[in-house]
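Subject: Structure for you to look at

Hello,

Here is the structure I promised to pass on. Please open it alongside this message; my notes on what turned up follow below.

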Amino acid sequence: MEMTFKTELGGRTLSIQTGKIAKQASGAVVVQYGDTVVLVTVVSSEEKRDTDFLPLTVEYQEKIYAAGRIPGNYFRREIGRPSEKETLTARLIDRPIRPLFPKGYRNETQIIATVLSMDQENDPDTLAMIGASAALETSDIPFAGPIAAVRVGRINGEFKINPIIEDWEKSDINIIVAGSKSGVVMMEGSGEMASESDMLEAIFFGHKAIQGLIDLQAELKATCGVSKRPFSLPEKDQKLVQTIEDKATTPLYEAVLIPEKIKRQKALREIKLEILEQLGEEYLERNKEVYEIFDDLQKKICRDLILKENRRIDGRKFDEIRPISCEVGLLPRPHGSALFTRGETQVLGVMTLGSGQDEQRVETLSGEEMRPFMLHYNFPPYSVGEVKRIAGPSRRDIGHGGLSTRAIEKVLPPKDKFDYTIRIVSEVFESNGSSSMGTVCSGILALMDGGVPIIAPVAGIAMGLVKDEDNVVILSDILGDEDHTGDMDFKVAGTKDGITALQMDIKIHELSRDIMAKALEQARIGRLFILDRMLEALKESREEISPYAPKIVTIKINPEKIREIIGPGGKMIRSIQSETNTRIEIDDSGMVKIAAVSKDEADKALSLIGEITMEPEVGKFYEGTVVKIMDFGAFVQIMPGTDGLVHISQLAEHRVTRVSDVVKEGDRIKVKVLEISKDGKIRLSHKAALEGKSIGKKND
């Protein structure tokens, strides 16, 4: 049965329709906001997979037809590999809904969000998140929802729900908040060095706004009346649980307290294998069941260690940061480099400078974008002591790179002060807790080492949470195991004055305002500590860029001269670039940017362009070439693309009967500019040059 439900959101109408499209899916809805329309479907198989995790996949697809365009690639169709925006949005959908499936649910589940229409004002990402929850609510799939999401901006000091895309640049806060009826479940976004209190206000301003969306989905679910498929967590063999607890509790407790990650993992692995061997051959085929009980026991021990004994795996205090070391200028040829080590997490940041031609061109639903800043995050398997096939960047790599990009781009200098394309590559050498925040720290130091005049240095920290009813512990600078066994992963990056980026995911159903406020304040203190350690390595950006970085100079020319610099079919500009080993860019305003390896090459290109674009001046003398003979005089080219007329009366000091008696085509003669008319015609005199005037002098 076709149904449509509507509500007001941010001064516009949002509608959710079901029962009309994709009726063979387990659940399907069409979400519309303005003229932006997203179809979201969910399908879950009837058969349970033999896995120890939830086999959930989320796909988000932006169809170029949605914006009324044909794809600009060679194939003229959407290519198979998702764009960065599609990958990041798929992660946004996945993160708040994954914890809401029942523990032990192992049926293959797929969510597909497809953008069908895009109005260039309303971004489809939050609509896809709302649609994923609504589709699950209308299906028979067990799900502890609903959740909803909005974007919160702040323009001229006023919070806005879902500001239109055009207003994003005016907003000093831009975050996506996802929540349930009673709390926040996920957030991600950035700020222009926003204070912790302002960020907290923005988050809960967004949470208040989603209440209507939660109520709308509850009404949708009740009207659809679809019963959830029966599901219950299989009963554990309590005798086996007790046996494993008796055998493993003491050695497990001792193992989790080993500070070094690799040694700890080795000890845990040996205990697991030893327990399986002690259980005998009858349990070999039940090894997954044994390992699941073992992992649950390990998680309980780790959580009790924090909640009941007030201690951490590595012996730190709850708000203590691991030892930090920073080195800059490690690599001789890249334009900036820094190695950031925090405990057992180590990240190398490498910075490269380029010209405008190095900017990344990205096709989006909003049109083609040029990106002058890129950050690429690499997480090789050796960083966690594993052996894996190296492929392209994973969704995790792209997600971590996106978070680090948002943290750093807020402090980059404007183009009019530093006209370079900037690329940072993050190479994770070791990982045991928040390599993304290590990427922020190493990336900032690499920028400073490379002489980029950043607005302020940025540091990042990852916070954790362990919660059991009213007992709540917030952890600063979490380890990988604390992330795995805890209830929250909260990353905050910023300067000494405020937040530039944050991201939060939780495994419990929601977080209260009080807990979030405490986490933000504890993160601020930790961030300032890390910043101090970074500035001990390099207090400010170097005054000069690397001698191996391209030298970029700019000049402004008369836009009418652009055609002459480019030449027929680009012949002239290619010739200059080849002769001077430079790259030249010209925009329609007449701004010319020259990128060269050395200053001498840049100066040479500048000189050649200057000769082409030189404007003649009345009273100056020039040496030119006779290009055409006429009965009434001779046309002389005094600079590339610029001709003037020497009238027959101005060819010599004596009376001239025929022009050809004095000059011929190809002759080089000295002339003086007598007049430039309003329509650009130039009157020259050779006679004045013969009267003893020197080239380059003006008449008295």
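Which residue in S28 is the bridge partner of Thr 625? It is Arg 668. That pair belongs to the antiparallel pairing of strand S25 (residues 621-630) with strand S28 (residues 668-676), which runs over five bridges. Please keep in mind throughout that this is a predicted model.

S25 also pairs with strand S26 (residues 633-639), again antiparallel and joined by five bridges. Here Lys 628 is opposite Phe 635 of S26. The connection from S25 to S26 is a hairpin of two residues.

Overall shape

The chain contains 15 helices and 29 strands. Its radius of gyration is 34 Å, whereas a compact globule of 700 residues would come out near 27 Å. Along the principal axes, the C-alpha atoms occupy a box of roughly 125 × 60 × 50 Å.

The five-stranded sheet

As background, strands in a sheet pair through backbone hydrogen bonds, in either a parallel or an antiparallel sense. One open sheet in this model has five strands, ordered S11-S12-S13-S17-S16, with mixed pairing. Its edges are strand S11 (324-328) and strand S16 (373-378), each of which pairs on one side only. From one strand to the next the twist averages 15°.

Two helices pack on this sheet. Helix H9 (residues 435-449) touches S11, strand S12 (336-342), strand S13 (345-354), S16 and S17. The direction of H9 makes about 145° with that of S12. Helix H11 (residues 513-537) touches S11 and S12, and its direction makes about 35° with that of S11.

At the S16 edge, the pairing with strand S17 (residues 421-430) is parallel and covers six bridges. Within it, His 376 has Val 425 in S17 as its bridge partner.

Between S13 and S16 in the numbering there is a separate item to look at. Strand S14 (residues 360-364) and strand S15 (residues 367-371) pair antiparallel over five bridges. They make a hairpin with two residues between them, and Arg 361 is opposite Met 370 of S15.

The three-stranded sheet

A further open sheet has three strands in the order S22-S24-S23, and its pairing is antiparallel. Strand S22 (551-556) and strand S23 (582-586) are the edge strands, each pairing on one side only. The average twist between successive strands is 15°.

S22 pairs with strand S24 (residues 591-596) in the antiparallel sense over six bridges. In this pairing Lys 556 is opposite Met 591 of S24. Helix H14 (residues 599-613) packs on the sheet and touches S22, S23 and S24, with its direction at about 150° to that of S24.

The cavity

Rolling a probe the size of a water molecule over the atoms shows where empty space is left. How many cavities of 30 Å³ or more are there? The count comes to one. The largest cavity holds about 70 Å³ of space.

The lining of the largest cavity consists of Arg 12, Tyr 33, Glu 121, Asn 122, Asp 123, Asp 125, Thr 126, Leu 127, Arg 151, Asn 162, Pro 163 and Trp 168. By type, these divide into four nonpolar, three polar and five charged residues. Helix H2 (residues 125-137) gives the most to the lining, with three residues.

Two backbone details

Most residues other than glycine have a negative phi, and most peptide bonds are trans. Two places in the model depart from this, one for each part of the rule.

Gln 120 is not a glycine, yet its phi is positive, at about 70°. Gln 120 sits in the loop between strand S6 (107-117) and H2.

The peptide bond from Gly 145 to Pro 146 is cis, with omega near 0°. Pro 146 is in the loop between H2 and strand S7 (148-155).

If you want a place to begin in the viewer, try H2: the loop with Gln 120 lies between S6 and H2, the loop with Pro 146 lies between H2 and S7, and H2 itself supplies three residues to the lining of the largest cavity.

Regards

Key: Residues numbered from 1 in each chain as written. Predicted model: local features only at pLDDT ≥ 70, side-chain atom pairs only at ≥ 80, totals over all residues. Heavy atoms only, no water. Pairing = 2+ DSSP bridges. Helix = DSSP H or I, 4+ residues; strand = E, 2+ residues; numbered from the N terminus. Axes fitted to C-alpha atoms, helices over the stretch in contact; angles between N-to-C directions. Contact = heavy atoms within 4.5 Å. 1 Å grid on protein atoms, 1.4 Å probe; cavity = no way out; pocket = protein on both sides within 12 Å on 5 of 7 lines; lining within 4 Å. Points joined across faces, edges and corners; volume = space filled by probe spheres on them. Nonpolar A, V, L, I, M, F, W, Y, C, P; charged D, E, K, R; others polar. Rg over C-alpha atoms; globule rule 2.2 N^0.38 Å.
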